[in-house]
Amino acid sequence: MGARRTHELAAVAASRAAYVGGFDSTSDLAAGFRYGIPTVGTSAHAFTLLHDSEKDAFRAQVESLGRGTTLLVDTYDVAEAVRTAVEVAGPELGAVRIDSGDLLLVAHRVRAQLDELGARDTRIVVTSDLDEYAIASLAAAPVDAYGVGTQLVTGSGHPTCSMVYKLVARAASADPKAPLVPVAKKSLGGKASVGGRKWAARRTDAAGVAEAEVVGTGPVPPELADRQLLVRLVEGGQVVGREPLEAARSRHIAARAGLPMSAVQLSRGEPVLPTEYA
């Protein structure tokens with residue numbers, strides 16, 4: 001389940017390698033189409049956040065995919081989501097997916113709750129950046145299936161690039177001019193998100209040397225107005241961010257020159273620039 005964390009072609013290749021190595025299925029539809037690997041998956045947190053309520057999201061998924069689908073239950077509150085999932089799908093609910101928090105503890109609680117609600121055949125799927133060690137630690141938990149992604153696709157202990165996009169706002173209605181409504185996850189285990197359109201800027205000291213990355217919502221502080229980092233790439237479905245390769249190279253050289261000298265040290269450690277939220 002790590003396709004979104006790497007280049008799309010690398011994701012397909014990783015799915016193929018994982019299937020050869022013993023995995024049962026992949027969430028990457030391109031890999032399923034190209035190699036015939038069985039495809040499975042659940043909804044994303046973004047799917048839940050796009051709806052006015054969690055119940056609306058569950059109802060839409062069940063109506064489309066049937067009661068045997070797997071509902072994601074940790075966008076807001078797990079216990080409440082499990083109750084809502086069984087209410088919407090009934091005891092025939094195929095599975096619930098847990099993606100955050102103390103997975104061992106939460107899995108036991110969810111199993112007990114499902115049994116109390118009469119959904120004794122509903123399976124539990126656990127995800128959340130799992131590797132072989134995390135899975136081994138969950139051996140005593142009532143988990144029926146695991147979704148593995150980050151460590152499998154990006155590796156561990158080697159130079160990699162892992163990026164994940166999170167939904168932070170949605171339109172208030174189908175009107176293209178409708179205002180944006182902030183949305184955010186409330187998951188435990190460090191996976192909560194901050195709703196609203198963001199701006200990002202690089203703050204410098206009196207000598208012009210970068211000292212922090214600043215992220216915020218709402219108006220940009222005047223002192224950071226000329227130090228914003230975001231660039232528009234696509235507008236209205238049209239690419240507007242294309243530029244010559246040399247322009248990108250020159251901008252990188254200029255940005256690198258403004259970093260503190262510690263940025264060029266060849267060593268592992270914390271980021272040179274801290275990230276602050278305004």
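A crossover between two strands by way of a helix is called right-handed if, with the strands pointing away from the viewer, the path from the first strand over the helix to the second runs clockwise. With that in mind, let us walk through this structure, which is a predicted model.

A good place to apply the definition is the unit made by β3, helix α7 (residues 132-137) and β4, a right-handed β-α-β arrangement. Its two strands are joined directly: β3 and strand β4 (residues 145-146) run parallel and share 2 bridges. Within that pairing, look for Val126, which stands opposite Tyr146 in β4.

Stepping back along the chain, you will find another such unit. Here β2, helix α6 (residues 103-116) and β3 form a β-α-β unit that is right-handed. Strand β2 (residues 95-98) pairs with strand β3 (residues 123-126) in the parallel sense, and 4 bridges connect them. One position to pick out is Ala95, which has Arg123 of β3 opposite.

On to β1, then. This strand pairs with β2, again in the parallel sense, over 3 bridges. In this pairing, Leu71 faces Val96 in β2 as its opposite residue. Put the pieces together and you have an open sheet of 4 strands, ordered β1-β2-β3-β4, with parallel pairing. The edges belong to β1 (70-72) and β4, each of which pairs on one side only. As a reminder while you trace these strands, the strands of a sheet pair through backbone hydrogen bonds, either parallel or antiparallel.

Now for the helices. Helix α6, which we met between β2 and β3, also packs against α5: the angle is about 35 degrees and the axes are 10 Å apart. The crossing of α5 and α6 is right-handed. From α5, the contact draws on Val78, Ala79, Val82, Arg83 and Val86, while α6 supplies Val106, Val110, Gln113 and Leu114. Sorted by class, the contact of α5 with α6 has 7 nonpolar residues, 1 polar and 1 charged.

Helix α5 (residues 78-89) has a further partner in helix α4 (residues 54-65); their axes come within 9 Å and cross at roughly 40 degrees. What does that make their orientation? Angles under 35 degrees count as roughly parallel and 65 to 115 as roughly perpendicular, and α4 and α5 are therefore oblique to each other. Their crossing is right-handed. On the α4 side, the contact is made by Glu54, Lys55, Phe58, Arg59 and Val62, and on the α5 side by Ala81, Thr84, Ala85, Glu87, Val88 and Ala89. The residues of this contact of α4 with α5 divide into 6 nonpolar, 1 polar and 4 charged.

Further along the chain comes another sheet. This one is open too, with 3 strands in the order β7-β8-β11 and mixed pairing. At its edges are β7 (198-204) and β11 (275-277), each pairing on one side only. From one strand to the next, the twist averages 25 degrees. Strands β7 and β8 run antiparallel and are joined by 7 bridges. If you would like a landmark here, find Arg203, which stands opposite Ala212 in β8. When you follow side chains along these strands, recall that in a regular strand they alternate between the two faces of the sheet.

Our last stop is Gly218, in the loop between β8 (210-217) and β9 (234-235). Which residues does Gly218 touch, once neighbours within four places in sequence are left aside? Gly218 is in contact with Arg197 and Trp199. By contrast, Val231 is 13 residues from Gly218 in sequence, and their C-alpha atoms are 17 Å apart in space.

Notes:
Residues numbered from 1 in each chain as written. Predicted model: local features only at pLDDT ≥ 70, side-chain atom pairs only at ≥ 80, totals over all residues. Heavy atoms only, no water. Axes fitted to C-alpha atoms, helices over the stretch in contact; angles between N-to-C directions. Parallel < 35°, antiparallel > 145°, perpendicular 65-115°, else oblique. Left-handed = near helix turned anticlockwise from the far one by under 90°. Contact = heavy atoms within 4.5 Å. Nonpolar A, V, L, I, M, F, W, Y, C, P; charged D, E, K, R; others polar. Pairing = 2+ DSSP bridges.
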